[in-house]
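Welcome! Let's take a walk through this structure together, one strand at a time.

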Amino acid sequence: MTQLHIEGEVASPQAFGFEDLVQLPDQVEDLSEVIPGREGSAVRLQSLLAQVGTKDNVKYITLESTDGTFSASIPLDAVQDAIIAYRLHDESLPAKQGGPFRFFIPNVTKCHVGEVDACANVKFLGRVHLSQERGRDVRPTSPQSHAEHHEKPGHGRLG
Ligand SMILES: Nc1nc2c(c(=O)[nH]1)N[C@H]1C(S)=C(S)[C@@H](COP(=O)(O)O)O[C@H]1N2
Ligand SMILES: [Mo]
């Protein structure tokens with residue numbers, strides 16, 4: 001079973017599977033109320049961070065895809081209201097929607113507009129790393145590399 005690993009500067013690193021996420025408090029039953037146009041259910045990032053116990057010195061959160069090909073690192077302060085989508089009709093979120101785990105930052109709809117943008121909505125999320133320093137970030141940095149990135153199969157729309 002695929003698990004979501006939360007680690008780094010935390011009191012107790014943990015791996016969460018679908019059933020673990022279902023049990024957590026702070027669920028978002030209807031994802032579309034937080035992220036318009038998106039289907040499914042989610043749990044608040046804060047709920048997971050409370051489980052692992054984020055240390056006070058943490059400044060950055062790094063979101064890495066399971067296959068290691070995509071990663072974004074952003075200030076934790078800026079994503080206090082972020083959510084992790086993981087469920088659709090009581091089943092695991094399909095890969096088509098970025099599942100089994102997908103990061104979403106509410107009210108961030110455009111990509112390539114700064115460090116907290118829609119590009120940081122990492123699909124196929126496998127690892128969340130908390131740290132003092134910025135972590136690995138492979139988001140495209142030029143308009144051209146960004147456009148090329150969005151040409152890749154299964155990538156999705158250019159926001
Ligand atoms: N794993 C993974 N997540 C990813 C990407 C990617 O290439 N791989 N692209 C990012 C970028 S650049 C954008 S703009 C959004 C697009 O999400 P959407 O296809 O749901 O609109 O996904 C982000 N998450
Ligand atoms: Mo993007």
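Before setting out, please keep in mind that this is a predicted model. A good place to begin is strand β1, residues 4-8, which pairs with strand β2, residues 14-16, in the antiparallel sense. Three bridges hold that pairing, and in it Leu4 faces Phe16 of β2. With five residues between them, β1 and β2 make a hairpin.

Strand β1 has another partner as well. Over four bridges, β1 pairs in the parallel sense with strand β10, which covers residues 125-131. To find this pairing in the picture, look for Ile6, which stands opposite Val128 in β10.

From β10 we can move on to strand β5, residues 60-65. These two strands run antiparallel and are joined by six bridges, with Ser65 of β5 opposite Leu125 in β10. How much of β5 is covered? Five of its six residues are buried, making the strand mostly covered.

Strand β5 also runs antiparallel to strand β6, residues 71-75, and five bridges join the two. Here Glu64 has Ser71 in β6 as its bridge partner. The strands β5 and β6 form a hairpin with five residues between them, and in this hairpin Gly68 takes a positive phi near 75 degrees.

Now let's pause at one residue of β10. His129 lies in this strand, and its relative accessibility is 24%, so it counts as partly exposed. Which residues does His129 touch, once its neighbours within four places in sequence are left aside? They are Glu7, Gly8, Tyr60, Ile61 and Thr62. Ala78 is 51 residues from His129 along the chain, and the C-alpha atoms of the two are separated by 15 Å.

Our last stop is a meeting of rings. How many aromatic pairs does a search of the whole structure find? The search finds one. It consists of Phe18 and Tyr86, whose ring centres are 5.7 Å apart; their planes lie at 65 degrees, so the pair is edge-to-face. This pair links distant parts of the chain, since Phe18 sits in helix α1 (residues 18-23) and Tyr86 in strand β7 (residues 83-88), 68 residues apart. Are these two residues buried or exposed? Both Phe18 and Tyr86 are buried.

To retrace the route, β10 is a handy landmark: β10 pairs with β1 in the parallel sense, while β10 and β5 run antiparallel.

Notes. Residues numbered from 1 in each chain as written. Chains lettered and ligands numbered in written order. Predicted model: local features only at pLDDT ≥ 70, side-chain atom pairs only at ≥ 80, totals over all residues. Heavy atoms only, no water. Pairing = 2+ DSSP bridges. Buried < 20%, exposed > 50% of the residue type's maximum accessible area, 1.4 Å probe, protein only. Phe/Tyr/Trp six-rings, centres within 6.5 Å; stacked < 30°, edge-to-face > 60°. Contact = heavy atoms within 4.5 Å.
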